[in-house]
Structures are given as structure tokens and as C-alpha cells.
Amino acid sequence: MKQQSPYGAVPRNLVGDNGPSVVPGHDPSIFGYATLSPVDPVEARSFHTSTLTYTVGKLGLDDTGGIRVNWRMVSDAGRPQMGDPTAENYVTASSNGEGQLVLEFSKLVGQRPWNESLTIYQRGGYLKEGQVITIVFGDTSGGSPGMLAQTFAEGGRDFRITADVQATGNFVELPDTQLSIPIVAGPPVSWHAVLPSLRRPSEHFHLGLKAEDKWGNPTPQARAKLTFRPTLPVEGLPADLDYAPQDRAMTLDNLRVLEPGVLRIGIEIDGMQVAEAGPLVVKAGDVAGFWGDLHGQTGETVGTNTIESYLDFARNKAFLDVTSHQANDFQVTSQFWKHLNTLTAQFDEPGRFTVFPGYEWSGNTAVGGDHNVFFRNEGRTIRRCSHALMEDRSEIDTDAHTLTDLYKAFRDTGEDVVMYAHVGGRYANIHYDHDANIETAVEMHSAWGSFEWVLTDGFELGRRVGVVCNSDGHKGRPGASYPGDSIFGAYGGLTCFLTDRNDRDHIFEAQRRRHHYGTTGCRMHIDLGLTLPEPGTLFERNPDAAPDTPTVQSNTAIMGDIVQTTAKTAELSLNVCAHAGIERIEVRNGTRVLETFRPYSTDDLGNRIRVLWSGAEYRGRGRNTNWVGRAQFNGNTIKDFATINKWNPDQLFELRGSDTVIWKAVTTGNFMGFDVWISGDKGTLEIKTNLGALDLKVEDIGLEDTTFNAGGLNRQIRAFRLPAKPLSREMTLTRTIDLDAKGDNQIWICVTTEDGYQAWTSPTYLFS
């Protein structure tokens, strides 16, 4: 277990938090000190034991006083318990002084970001200087297997130690104490190969390679000879490669394809394919596709890992083209803001890797809600919603308490800035205010779930914004953000920017023209075009906000364009090239589905039945919907079974016997489910869940969804039939669509793939 991240624990001086305004004294010796052992690296999701020793300081420790151990709120590690010495996560404490120790654990008593806390109270006596309290995390003496480590790798999982030595209720952090245990990846269970999705002939690109452990951590334990099987000739690609990365992943740069086509690269080990990269569509055109995850946090605020490791992961482990860091503003210290700007300038590499300085304006939903802020350049003023966790008040006069205040401040200073409306804990209140020159997009998917409503609610308001998807990951894994075993219920999203070059100027222009689409984490190619019977007026900016914006006359438009036209119809052309089979494509005008396309018909259906459940409780923090369900095929036999969007390997979700699937699962606006291949068309399918039931004759399950609406926010159970064999991975279609005479026609598509990913294009806005 020698492997360890090159990035350690987050420097405490960069973390936005605060302690009591008064302390017993400034001499560090009066508080005592703590040590932790061992601090060797621990494998993710393994059991371990560690001992924390607190030595009492000069003031002693008074009766009813105590010490407190805090951990960051973003954690799925085992939670301490003191009731069962044979069970996981058993914790004990003892001292060599008088009295007794009382232990209490809480998930929420600590102050953000240190919400999880174990308090060890001194009762029935006092402790003197030099006496010690010994806490054993994962005490195995009674049969416990130990403490269960978190699922994600981290340079150092911090133990924050505070003490209330005079029993005042003020817990003061021990001076000069930063204790942490590195968490490292486990053995490889899956291989991954990543290509871009759109390049021009002879344009250079890179191929990313990595192996991940059970929980999605890139692991350095993988060693193999890889053989490449490309579908097109690739200059610079070797026939094979000895894979032995020094830091968990490898990138092959300066590759190119000379002729048009679709490139997929099979990755083989000993003649067996373990991964496939692509598709990469190679064709002449004005734009390429550059993939980004522009939303995540680290341990300097409410997340984990360092900002340095975050940026390294984005470029070298997730193989992104574009990224940004988005910390909750009320926790961003001046020191961290300066440090962040230094790093974004350092990591930004025009033509290869674009990094924007930025932050998350985190005002309450009542005054606008969460919005992502991206600056084109470093050194800009951060305008926080408040100084809620800021001891330094020197910049408080630059606060923007409401979204309206923020827009005004940016307008008054002529700030070169772009913003997204975001749905996280605090969801964006798109009804509160909107500046079309600044807010260019809404974030439809993140690790928090999927939220079509954040776009469609705006249609009635006349909003003309694009669609982006990001991770909002808090575990330091932008671009490959797994939820683990935590409150996050989905894999993080990605956005594809359609532009000529990967640098700040071109990505900013793509944002402002909404030339992008988002996915729930895959990298499919989508080419959407609209052709009008006669030229219309295409606006470079939203004319509602910039009436003097430059225009051109054009009878064609792509996703995100705003076009004024007198046409009654438009010709839609669409090409989708995906990593997996395409289950369906919905063509939409606003909230209406105009037509649903599938690469198969009723005649192609086989013995595969798909069952899905989806939705959320409501729009706020408690949106998680917990599902407990059973699907039984009476009078039939399940021959094969496959899960869809099962992101938590420890989740109960399995085949029982030959006819029943059971599950305990969480959806947060997204969907999950399973496929079964059954023996015939006899019998019934009986689905029972804690939120409703659906009973069907197997012979009646067909091409179209049979749906049970389970209340909440788009909460549903669905069942339908699919072909037995894998579906086509490419679809091309053209259709003539009728346009409404009044208001905006918001033409956009939603793609769903066979393995459970989705993608949404930014709408093309056509109006008369």
C-alpha cells in the first residue's frame, strides 16, 4: 500500500471556515496537542484502524469539557458508532485520568465544511496537564472489522481536532495541528479509453487511457500490454503499448486522421477487448468539439482534495479540454481566490487545455439561487453573496447580496463574464432575475441529478439560453465524477463546445452563442442543423438584450442560434454517433415532443424488457427519492439481467432466483433501472415499489412506454420492450417540422442511449 497521491491534504490556511471569536488564551500549550497513527495510505472502501491520542495542555480539561474530531461533510466513509463492538466503524475512547468519557457522533453538529463530528466529553472529574485521551477508530478488539474508508481517493482525509478545555461550549482548533490519512485507489476492475468526438481531417487530437477501481478512482496498480484496433488509420498511434503509468493514467498526444470517417479504437489485452474509445467523427467543417466539466469544488471550500489535484485530474485523468473551479463564494477567502487565479493562469494552455477563473455565486434561492460565474481573465473582483464563513471582512463592501445586485455590479464595471443557472443544494431561481447578456445557459444535469425543468420553465418567460451539463463534483474528480455512496445520485455531466479552437476566446464565444450540448457523462457526437426555405436574420447575440447585435442573413442554423424568420416550416437534419446503442431520440419544440425516433421498429422487438424508475421529491435540497422495489415475472423465466445507471456498487440491486429483481435505490431527477431477457411472452410482470405499482401482461409490453406516475417531480415507473440484440450506435435523419406563428419555436433534441446516458442540445430559437 505504498501508492499515494502527489497532492497531500488541503492546506488549512486556504480553507474558508471560522472558529470562536474568543479563546482562552494565545499560548498554544494551554490547549494540548494531538497525534494520529498510523497515517499510512488506506485503500478506498477498505477497513482500517487508527488511533488518535490527545495530550492535555497547561489549562487541563475541565469536567463537562471535551475534545471534538471533525471531518468534511463530503464523505461516504463509515460513521463512528459506539454501540456494537462487533460491527463496522466501532470507536472507543479511554483516558489515564479520573472520571469517564462520553462519546457522541453527529452528521450535522459541526460548522461547514466540518459537519461530521465525534465529541468526547469529560464527565465526573477533570484531567491534568500531560494526561491523555486515546481514541481508537475501528477498534477490532471486540470483533469489529474496523473503520470503513471512503470510496474516493484523497491526498489526505483530514481530522480536524478542537478542544473545549474550560467547558464553555467554545471548541477551539488545536494550534499547528493538521492530521490526515491518504486514501488511495484499489485494484483495477475496468479500463477506459477516451477520444474527442469531432475533429477535422489532419487536426491533432489525443487519446486518454486509464484503469479504474471499483469506485471509479484511476488506479496506478494496472499493468498490461495494450493492443490498439482502430477503425481508421491514425497517424502517431502505435500498434501496442506497455501500459505502466507513473500517475494513474496516460495520454497519447499528437494523433491525427487524414481522411473523413468515424474512428473507434478498440483496446485489447491478450486478444480480449477491454475498452473502446470513441466515436470520433472526422469531417471537414467550421468547428470541432471540445469537452468540458466547468463545475466542481475542492477541500478549500466544501469539497475534498486540493485545487492542484483537481486541475491535474481534469487534464490528465479525465482528459478534458475545458474546466473551471466553482467554489461557494461565501467560503472563498482572499488568499484562496488569489491562489486559484495563479493556478488557472498556470494550467491554462491555449489550443490544448482551457481553464477559466471563476466561482459559484451561492445566494439563497429566494434571492436568485446558485449561479456559476466564469471570467475570461484572472485578477477580477469576486463579488460574493455574503461573508457567511469569512473572518476577514476587508472585502465585504464588494458583496452582491442578490442576483440583481450581481448583474448590476458586472454591468457597471463592464465585466467580461459568463454565467450559468445551476441546480444544486440551492437551486437557481430563474423567475427572480435574468440578464441575457451574462447568463447564457442553464445546467441541466450534474451529480445532483437531471433537471429539464430549469430550461423548460424559462420558455414561458421568453428565455433564450443554452444547455450545459457538469459534475458539480465535490470529490476532486472533474470530468469523471462518480457519486460513490453519498447524497449525490448521479454520475457527473459533460458539455461539448462547438467552436474552431480550444482557447478562452473561442470557448467564451461558443458560450455566448449557445453552441454547445450537454450529456450525463458520455461523449457522443451530435450534429443538429435547421434549414429554412428562405434566408432569415441570424443574431450573434440575443436581440432582447442587445438589439444592436450584428446579424447575418442565413437560411441555415445550428443548435443555440437565434433566427427571425417568416417561414412556416424548417427542415431538421440530425446526425448522432454514440458510444453505445441509441434507444431513442426525441425532437422537441419547447415542452412538446414532436416525434420520437428509434433505430428499430415493432418488428425488431425481442425478449428484452426494460424497467426504469425516475424523478425527484421536489426541486430543493431534499429532492432525493428513495426507491424500494421488486419486479417479478410470473409464469416466465429471466435468462439474463443487466443494470442501468447503478452507480453505487454496494447498492442492493440484483436478480433473485429466476424470476425476480429487487432493489433499494435513489434517483434525484435522473433514472435508473434494468433490462431482462425473458424466456417467452407468457405470464405477467408485477412491479411493486414503496411509491406505487405497475402490473402488466408480458405480451402487452411493446414499443411504447407503459407508465405509472408516482407523484413528486416527474417521478415515474416505466416498462417497454427492446430488441434482444444491441442497438445501432448511429442515426441520421431529416424531417420537416411545422413552426408556430407566434412566440419562440425552441427546437431541441434529447438522446437516450441503451446504457442509460442522455444528451440534450441547446435549443435553436426561431421566431417571426
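**Close-up views of a pocket and a sheet**

**View 1. Strand S21 gives the most to the lining of the largest pocket, with 6 residues.** This is a predicted model. Four other strands join S21 (272-282) here: S14 (190-194), S16 (205-212), S39 and S41 each supply at least two residues of the lining.

**View 2. The heart of the largest pocket.** Welcome inside: the volume of this pocket is about 1,100 Å³. Which residues are the closest to its centre? They are His-192, Tyr-482, His-579, Asp-755 and Tyr-757, out of the 44 residues that line the pocket. By kind, the lining divides into 23 nonpolar residues, 12 charged and 9 polar.

**View 3. An open sheet of 5 strands, in the order S41-S44-S39-S48-S47.** The pairing is antiparallel. S41 (638-644) and S47 (706-709) stand at the edges; each has a single partner strand, so one side of each is left without a neighbour in the sheet. On average, neighbouring strands are turned by 15° against each other, direction ignored. Two strands of this sheet, S39 and S41, also turn up in the lining of the largest pocket, where each supplies at least two residues.

**View 4. Strands S39 and S48, side by side.** Let's zoom in on one pair from the sheet. How many bridges join S39 to S48? There are 8, between residues 608-616 of S39 and residues 713-722 of S48, and the two strands run antiparallel. To find your place in this pair, look for Leu-612, which stands opposite Arg-718 in S48. As a reminder, strands of a sheet pair through backbone hydrogen bonds.

Technical notes
Residues are numbered from 1 along each chain as its sequence is written. This is a predicted model: local features need pLDDT of at least 70, side-chain atom pairs count only at pLDDT 80 or more; totals for chains, interfaces and linings use all residues. Side-chain values use heavy atoms; hydrogens and water are left out. Two strands pair if DSSP finds at least two bridges between them. Axes are lines fitted to C-alpha atoms, for helices over the stretch in contact, and angles run from 0 to 180 degrees between N-to-C directions. On a 1 Å grid over the protein atoms alone, a cavity is a set of points where a 1.4 Å probe fits but cannot get out, and a pocket is an open set with protein on both sides within 12 Å along at least five of seven lines; lining residues have an atom within 4 Å of a point. Grid points are joined across faces, edges and corners, and a volume is the space filled by probe spheres set on the points. Ala, Val, Leu, Ile, Met, Phe, Trp, Tyr, Cys and Pro count as nonpolar, Asp, Glu, Lys and Arg as charged, and the others, Gly among them, as polar.
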